[in-house]
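Here is a short briefing on one model. Please read the confidence section before the details.

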Amino acid sequence: MKKAEVVCKQLDCGSVVSISSAAHYGVGTGPVWEAKKIRLANGRSQCSGRVEVYHKGQWGTVCDDEWEVANAEVVCRQLGCGEAISFFGNAHFGRGSGQIWLDNVECTGQEVALTQCSHNAFGENNCGHGEDAGVICLGNLPKPQITLSPATDVGLGDRVEFTCTMVTEHLGGTFILQKNSDSFKMEKYSDNDAAMFIIRKVELSHTGSYHCKYRKRLTNKNIDFPEGDSAKLTVTMHLEQPSISLTSPSAMVMFRPDKVELKSGSSFSITCSVHSKYQGGFFYLVKANLSTSEPKPAFGHSIFLLAYFEFPSVMPKDQGEYSCIYGINISAVLYKSIPSKSLQVILTGSSSGSAITGAVVGLLLLVLLLLAAYFFWRRRGQSARAMVTFSSRVGEVIKQDKEEKTTGAHDGRDYNTLANEYGNGHSPEEKGAEVDPQSTLERNVTEDLSGRVCYELEPLIHS
Ligand SMILES: [Ca+2]
Ligand SMILES: [Ca+2]
């Protein structure tokens with residue numbers, strides 16, 4: 001009962017007075033929809049069936065004498081069932097029972113209720129229930145719905161699908177996709193409750209609002225269902241950010257850093273490139289937001305486009321930050337990408353000041369510094385180990401011998417010891433760890449000798 005009320009409310013058919021439990025359409029007792037003292041019984045839907053009117057506390061039928069389309073229109077309107085599609089006599093929806101309340105009903109079609117039409121007095125008739133009148137109304141027509149896929153905001157050239165759907169018992173009709181603002185229109189007949197419209201490559205002009213329509217052909221006339229709600233499609237240009245690079249032909253080197261130092265008078269060229277799904281277009285070279293070059297046509301593959309900007313001889317005025325912008329004209333509208341990363345060009349006056357020379361010199365300095373640090377560390381480590389060996393394993397004689405020399409002397413001697421170790425094929429690490437007193441003594445003898453040699457070498461190392 002509650003469900004029936006909802007349906008009736010949606011259909012504007014009034015309140016539910018009664019509904020039979022046997023919901024079997026066509027045969028026997030079907031659902032009965034009634035409102036405003038009129039109802040349609042035994043029909044296939046709530047808006048079709050045998051016409052019955054309520055009078056003096058009971059429901060009775062209507063005789064088919066003079067029954068015609070204008071009468072059906074009044075019945076359908078009174079029930080809130082929209083347009084009348086057809087009218088019937090001869091108990092088309094089955095024989096009713098009880099009173100035959102109305103006979104010889106003649107409407108103009110403008111009346112708001114069937115009882116307002118001309119008719120015999122209530123109950124006065126020359127009919128039987130085999131003449132019961134019926135109508136089929138179109139019903140309260142639903143609106144088609146629209147959905148967009150993959151999104152309502154798409155890129156130029158993308159594929160877009162519009163789907164129009166209908167929830168109706170009147171399947172088998174024409175779906176129409178229409179644009180609100182211009183003549184764009186697509187039609188498709190469908191036996192189902194939906195139809196899909198595809199635009200394989202959207203253009204910018206496809207931007208706008210769209211709605212679906214549904215049209216059904218009934219006997220000899222078209223029934224246009226109410227227009228559906230609108231959905232907006234926005235087609236935009238999705239231009240990629242271009243890349244910038246600098247080529248110095250003389251050096252055969254391509255730079256991609258933020259900053260490039262160039263020798264004054266040398267030549268270079270800046271390459272702008274972009275991945276684009278669009279054909280053609282052009283690049284602008286923008287200098288520090290101050291000036292913009294003339295556009296240069298982009299060339300290359302359809303997905304990778306580029307242009308060169310040549311600088312035959314670098315002048316001081318050419319210094320500055322450069323960036324590339326990609327642009328394309330579509331339908332007389334210019335679309336520009338966002339600027340590329342910027343590339344700073346700096347001039348160096350001296351001939352030796354190129355970026356490569358600078359890098360090489362810097363690298364050499366670094367290597368020298370590392371070498372110096374290595375030897376310094378090595379000598380400090382050897383010195384410490386030698387001190388331990390001398391104090392614990394060797395007698396006072398050697399200690400004194402050591403003290404005779406200047407502080408710089410044992411440094412030199414240790415370095416020499418290290419050299420000896422290399423000569424004997426031992427690693428320097430083995431020395432401090434595994435030394436027996438005997439070999440230490442022996443070594444001290446040689447060390448003493450060679451220490452003098454190293455003493456002489458020492459100034460060389462320090463320099
Ligand atoms: Ca008749
Ligand atoms: Ca009659």
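Among the elements of the protein, strand β6 (residues 100–102) has the highest mean pLDDT, 97, and helix α6 (residues 428–433) has the lowest, 39. The model is predicted. Its average pLDDT is 75, and 68% of the residues score at least 70. The points below cover confidence, two calcium ions, one buried strand and some ring contacts.

**Confidence**

- Residues 1–35 keep a pLDDT under 50. The model gives this stretch 64 contacts beyond four places in sequence.
- Residues 386–463 are also below 50 in pLDDT. This stretch has 66 contacts in the model beyond near neighbours in sequence.
- Where pLDDT is low, the predicted coordinates should not be read in detail.

**Calcium ion (ligand 1)**

- Which residues coordinate the calcium ion (ligand 1)? They are D64 (OD), D65 (OD) and E131 (OE), at 2.1 to 2.4 Å.
- Along the sequence, these donor residues are spaced D-D-x65-E.
- D64 and E131 link distant parts of the chain, 67 residues apart. D64 is in the loop between β4 (58–62) and α2 (69–79). E131 is in the loop between β6 and β7 (134–137).
- Is D64 buried or exposed? D64 has a relative accessible area of 15%, so it is buried.
- E131 has 23% relative accessibility and therefore counts as partly exposed.

**Calcium ion (ligand 2)**

- The protein donors of the calcium ion (ligand 2) lie 2.2 to 2.7 Å from it. D65 (OD), N104 (OD1) and N126 (OD1) are among them, and D103 (OD) is listed twice.
- D65 serves as a donor to ligand 1 and to ligand 2.
- The donor spacing along the chain is D-x37-D-N-x21-N.
- D103 and N126 each lie in the loop between β6 and β7. They are 23 residues apart in sequence, so the pair ties those parts together.
- D103 is buried, at 1% relative accessibility. N126 is exposed, with a relative accessible area of 60%.

**Strand β26 and its partners**

- Why is strand β26 (residues 320–330) described as largely enclosed by the rest of the structure? Because 9 of its 11 residues are buried.
- Strand β21 (residues 282–287) runs antiparallel to β26, and 6 bridges join the two. In this pairing, L285 has C324 of β26 as its bridge partner.
- Strand β28 (residues 343–348) is also antiparallel to β26, with 3 bridges between them. Here Y322 has L343 of β28 as its bridge partner.
- Strand β27 (residues 333–336) pairs with β26 over 4 bridges, again in the antiparallel sense. N329 stands opposite L334 in β27.
- β26 and β27 form a hairpin with 2 residues between the strands. In that hairpin, S331 takes a positive phi near 50 degrees.

**Aromatic rings**

- How many aromatic pairs does the structure hold? It holds 12.
- A pair of aromatic rings is described by the distance of the centres and the angle of the planes.
- The rings of F162 and Y210 have centres 4.7 Å apart. Their planes are at 45 degrees, so the pair is tilted.
- F162 lies in strand β10 (residues 160–165) and Y210 in strand β14 (residues 208–218). They are 48 residues apart in sequence, so the pair ties those parts together.
- F162 and Y210 are both buried.
- The rings of F184 and Y210 have centres 5.4 Å apart. Their planes are at 90 degrees, so this pair is edge-to-face.
- F184 is in the loop between β11 (173–179) and β12 (185–190), and Y210 is in strand β14. This pair links distant parts of the chain, 26 residues apart.
- F184 is buried, as is Y210.
- Ring pairs join F162, F184 and Y210 into a cluster.

**Charges over rings**

- The charged end of K188 sits over the ring of F197, at 5.7 Å from the ring's centre.
- K296 lies over the face of F309, 5.5 Å from the ring centre.

Terms used. Residues are numbered from 1 along each chain as its sequence is written. Chains are lettered from A and ligands numbered from 1 in the order in which they are written. This is a predicted model: local features need pLDDT of at least 70, side-chain atom pairs count only at pLDDT 80 or more; totals for chains, interfaces and linings use all residues. Side-chain values use heavy atoms; hydrogens and water are left out. pLDDT is the predictor's confidence in each residue, from 0 to 100. Contact means heavy atoms within 4.5 Å. Buried means under 20% relative accessible area, exposed over 50%, partly exposed in between (1.4 Å probe, protein chains only). Two strands pair if DSSP finds at least two bridges between them. Donors are N, O and S atoms within 2.8 Å of the metal (3.2 Å for Na, K and Ca); water is not among the atoms, so sites may look incomplete. Rings of Phe, Tyr and Trp (its six-membered ring) pair if their centres lie within 6.5 Å; planes under 30 degrees apart count as stacked, over 60 as edge-to-face and the rest as tilted. A charge sits over a ring if NZ of Lys or CZ of Arg is within 6 Å of the ring centre and within 35 degrees of the ring normal.
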